[in-house]
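This briefing addresses aromatic pairing, charges placed over rings, and the arrangement of one sheet. The points are grouped by topic below.

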Amino acid sequence: MDVADRCLKLFIFTGILLLLFTGISQAADSKAEVGRLARVSADVSPPDKLRDLDSEPRILPWLENLLTRLPAAEEPADLEEELEQALTESKNEPREPADPSFPRPPSIAPLYTEPALEGEGVWTAEGLPKDPEGRPLIYKTVYRPSADFPNSIVYMALFDMKRLKPRLFIGNTEPGIYQISDPMEDDELSTIVAVTNAMWMQQHARGAGAIFRGQVVYPMVPGMATLVIYRDDSVDVLEWTDEIPLNLVRDARQLRHLIVKAGMVVEQVAKNGTLRDSEIGLGGFLIDKRGSSTMHNKFWFLANRTAFGIRDDGNLIFAMGHHISTKDLAKALVLAGCRRAIHGDANIHNIVCNFYFRDQRDKVIKRDRLSPEQLKYTMNRYDRGYSKDFFAFYEK
């Protein structure tokens, strides 16, 4: 079959597609309208005539790719198969209303296709807390980022920091608790949305600093990875510097080094003038499902871990990984758009992300968790404080 024949087949099949999309859009001028729809951008505020196409987000990019594809020298691809795949993928996309102020992030292409993992890489607000107008406050997804360990899995939650305010709480058994007063703010419980673990306990954190409500609880260490909550309720993940004005900081917690920097996974860190692997252990306290230390295992670094990442839009991502290394957890955050990230707490009893659902009187009527592997008893852990540090997220 020569190039002219292939082009003719492509032209005929494209014509069929144009008729199909003319029916969907119900436009008067089918040829002109479909040509316009095939070039719809990712604008979060589309014209009214296009809003009904949000339910098929994958079809239009696929069609645009088809219309702009040049004939190949080799046998053309099976276009019917491509269309069927696009239709199938579109059915799996969430049917949630668009929110211009907090748009749903683009999907992350799965690394593995078999076995399939439901919803992998697709961000959804289904089953998550929303504001009184029904707009999403959080999106979540699940992903397998490791090329070496296919059973490593990460659950991620993206928080809308324009409508949420985070707060650090010092664990009630930490030595710094005696320096602060009124550690629990009960009046905030009527607006609670989520709670996550924080970093390791101070005895394991190797001198990491902490600030609570503007008060330095543990001295801040320059160059150490830090999650900072400012007094205007914005949040950042960065390497601490003494140039940061303390009067602008509401809360802060430190741990080791950044695991994502400049939008890339940190592979090595300098220690005592020597470059070392960036993998983070817990001084022999990483444990497996049986409660035994992993340090004697060949793959000692595979553990239950958490991390926090910051995106360019100022929104925070919390990641909970199972049977995963530090660098693969960091990779998931990079794919989710994070520029910088910090390691959180580790081990199955210490990794927590709880969601709270309130009725019209702002009374908590339901709880849920980010990961189905999170231990169920942890869903009530923070009701009256906890022995370890944690972060709470409230609706502004």
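F390 has a relative accessibility of 2% and is therefore classed as buried, the limit for that class being under 20%. The model is predicted, and the description that follows begins with the ring partner of F390 and then turns to other aromatic groups and to the sheet.

**The F169–F390 pair**

- The ring centres of F169 and F390 are 5.0 Å apart and their planes meet at 20°, so this pair counts as stacked, a class that requires planes under 30 degrees apart.
- F169, like F390, is buried: the relative accessibility of F169 is 2%.
- The pair connects distant parts of the chain, since F169 belongs to strand β3 (residues 164-169) and F390 to strand β19 (residues 390-395), with the two positions 221 residues apart in sequence numbering.
- F169 also has a charge over its ring: the charged end of R213 is placed 5.1 Å from the ring centre.

**Other aromatic groups**

- Across the whole structure, a search identifies 11 aromatic pairs.
- W300 and F301 make an edge-to-face pair, because their planes stand at 80° with ring centres 5.8 Å apart, and planes over 60 degrees apart fall in that class.
- W300 is partly exposed at a relative accessible area of 22%, whereas F301, at 19%, counts as buried.
- These two residues belong to one aromatic cluster that is formed by F149, F299, W300 and F301.

**The open sheet**

- Five strands make up an open sheet with antiparallel pairing, and their order is β3-β19-β4-β17-β18.
- Strands β3 and β18 (364-369) are at the edges, each pairing on one side only.
- From one strand to the next, the twist averages 20°.
- The stacked pair described above involves this sheet, as F169 is in β3 and F390 is in β19, two strands that are adjacent in the sheet order.

**Strands β17 and β18**

- Strand β17 (residues 353-358) runs antiparallel to β18, and 5 bridges join the two.
- Within this pairing, N354 is opposite R369 of β18.
- K366 lies over the face of F357, at 5.0 Å from the centre of that ring.
- F357 falls within the residue range of β17, and K366 falls within that of β18.

Definitions and conventions: Residues are numbered from 1 along each chain as its sequence is written. This is a predicted model: local features need pLDDT of at least 70, side-chain atom pairs count only at pLDDT 80 or more; totals for chains, interfaces and linings use all residues. Side-chain values use heavy atoms; hydrogens and water are left out. Rings of Phe, Tyr and Trp (its six-membered ring) pair if their centres lie within 6.5 Å; planes under 30 degrees apart count as stacked, over 60 as edge-to-face and the rest as tilted. Helices (H or I, at least four residues) and strands (E, at least two) are DSSP runs, numbered from the N terminus. Buried means under 20% relative accessible area, exposed over 50%, partly exposed in between (1.4 Å probe, protein chains only). A charge sits over a ring if NZ of Lys or CZ of Arg is within 6 Å of the ring centre and within 35 degrees of the ring normal. Two strands pair if DSSP finds at least two bridges between them. Axes are lines fitted to C-alpha atoms, for helices over the stretch in contact, and angles run from 0 to 180 degrees between N-to-C directions.
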